[in-house]
Amino acid sequence: MITQSEVSKHNSDGSCWVILYGNVYDVTDFLGNHPGGAQAILRFAGRDATEDFDLIHPPETLKDIESTHLGPVEPQEVSNHVADSEPTPKAEVSMSSLLNLNEIEEAATQVINKKAWAYYYSAADDKITKSLNTESYRSILFRPRIFVDCRTCELGTILLGNKVGLPIFISPTAMARLGHPAGEKGIAEGCKSFGCLQIIANNSSLSPEKIVADAPATQVFGWQLYVQLNRKLSEDMLARINRLDQIKFVVLTLDAPVSGKREDDERINIQSHSAGSVSTQLFAGTDPSLTWTETLQWLSEHTKKPIILKGIQTHEDALLAAQYTPLVKAIVLSNHGGRSLDTAPPAVHTLLEIRRYCPVVFDKLEVWIDGGIRRGTDAVKAMCLGAKAVGIGRPALWGLAAGGVEGVERTLQILSEEMKTCMRLLGAKTVEDLHPHLVNTSRLQRDIYGGTEYLDAGGTVVMKGKL
């Protein structure tokens, strides 16, 4: 047994020991190789790092430092950091009493710790884009049709050839275990009864193997890729993903080549004297030098699964993506939940841009959208405008944090019931019945880009427009 006092002596870059799950590791030689930088480890030099490690890294990450294991620490001396970090217990809230996604978020805020809240809630700079993501949907009005038999309403659809129960998907959201120990596996469990598609985040706090392990064969997953500067790391992950049949496609994320300035997250970092915020640590090692030709060629060499490009924010890039079909099967219109570039356009603006300048994109590939969806009516509006599927990110995390698997289920139940009510009142019996004539976007059209040019599918300027 190694004593805590002995561990505490090794607290520098010359000799750095840490305690993880009751065991001592000499990680001195690993300092220069850590994606988050040496300081991410040195702040725990000579003491217990279990809490931060457990919330950010899947357990199997320990295999990477297995050779540095020195032995167990004396049990009575192991700090219980996790318990110390938990919020004061509060009375449980019945999930059925929560009537909308805002109430679920409020319930989650009452039970999670400050670090989790800051990471989930934070957005770039003044949060203008985060607010506009939701507010933009409020500017779209419906045009309900009457005398439509709406005794039945079906939400099932086909996404990239896969049958799903909802046109809603769970956007890739990292660090689910910050808010609840069930983590991404809990989200998967919550999706199961709804046939809801889940995109597993590159920085999930559980491994993709563990997340899909108990899911039925009919449940559909995707996997998000952040390309690493060390391409071998990404290639090794892609090899693992290729072996998982339930993961049907790879989502290459492009709307966050670097981390945005997320001040809520940074503030918690400063208050806790940490070496880096959760966001900063997660983006360490991400390659910001991706290009259309080189990156897609590289990716096509390492997976045969369909590729989706996430982070399209202009019609020009939608057109460029279309010329890479059939390699690229779909695009996700997204601004990373307002967490990257503040005052970037809401995704529904980009959707309208595509409709205005290059509707041919809808014929070339599937167009998905995420960001700002807080009501079933929001989802219906996006689908009326051509979106094939609609993603939710934070709502899934808030649901998990508020009530575990039951909270995720309640989130999806609310959205699906709101969608059905909306569609019945609108005069639509299936998602295939949703078309542009059912919405009035006049108020929003004034904010849509009216620039000087657009591109054809070959990337060439073919028309001049009005400023």
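In the predicted model, strand 14 (residues 328-333) and strand 15 pair in the parallel sense, and the pairing extends over four bridges. Within this pairing, Ala-330 has Glu-366 of strand 15 as its bridge partner. Strand 15 also pairs in the parallel sense with strand 16 (residues 389-392), here over three bridges, and in this second pairing the bridge partner of Ile-369 is Val-390 of strand 16. Strand 15 (residues 366-370) is largely enclosed by the rest of the structure, because five of its five residues are buried. The burial concerns both faces of the strand, since Glu-366, Trp-368 and Asp-370 on one side are buried, as are Val-367 and Ile-369 on the other.

One residue of strand 15, Asp-370, is also among the contacts of Ser-171, which, when neighbours within four places in sequence are left aside, touches Ile-199, Asp-370, Gly-391, Ile-392 and Gly-393. Ser-171 itself lies in the loop between strand 9 (168-170) and helix 8 (183-192). Its relative accessibility is 5%, and because buried means under 20%, Ser-171 counts as buried.

Among the helices, the packing of helix 5 (residues 101-109) against helix 18 (residues 394-426) was examined, and the axes of these two helices come within 10 Å and cross at roughly 170°. Since an angle over 145 degrees counts as roughly antiparallel, helix 5 and helix 18 are therefore roughly antiparallel to each other. On the side of helix 5, the contact is formed by Leu-101, Ile-104, Glu-105, Ala-107, Ala-108 and Thr-109, and these meet Pro-395, Trp-398, Gly-399, Ala-401, Ala-402, Arg-410, Thr-411, Ile-414 and Leu-415 in helix 18. By character, the residues of this contact divide into ten nonpolar, three polar and two charged.

In helix 6 (residues 114-121), the buried residues are Lys-115, Ala-116, Ala-118, Tyr-119 and Tyr-120. At the start of helix 6, a side-chain oxygen of Asn-113 reaches to within 3.2 Å of the backbone nitrogen of Lys-115, a residue that is itself buried.

Taken as a whole, the protein chain contains 19 helices and 19 strands. Of its 467 residues, 55% are buried. When contacts between residues at least 6 apart in sequence are considered, 75% of them join residues at least 24 apart.

Notes
Residues are numbered from 1 along each chain as its sequence is written. This is a predicted model: local features need pLDDT of at least 70, side-chain atom pairs count only at pLDDT 80 or more; totals for chains, interfaces and linings use all residues. Side-chain values use heavy atoms; hydrogens and water are left out. Axes are lines fitted to C-alpha atoms, for helices over the stretch in contact, and angles run from 0 to 180 degrees between N-to-C directions. Angles under 35 degrees count as roughly parallel, over 145 as roughly antiparallel, 65 to 115 as roughly perpendicular and the rest as oblique. Contact means heavy atoms within 4.5 Å. Ala, Val, Leu, Ile, Met, Phe, Trp, Tyr, Cys and Pro count as nonpolar, Asp, Glu, Lys and Arg as charged, and the others, Gly among them, as polar. Buried means under 20% relative accessible area, exposed over 50%, partly exposed in between (1.4 Å probe, protein chains only). A polar contact is a pair of N or O atoms within 3.5 Å; within protein, one must be able to donate a hydrogen and the other to accept it, and residues adjacent in sequence count only if both atoms are side-chain atoms. Two strands pair if DSSP finds at least two bridges between them.
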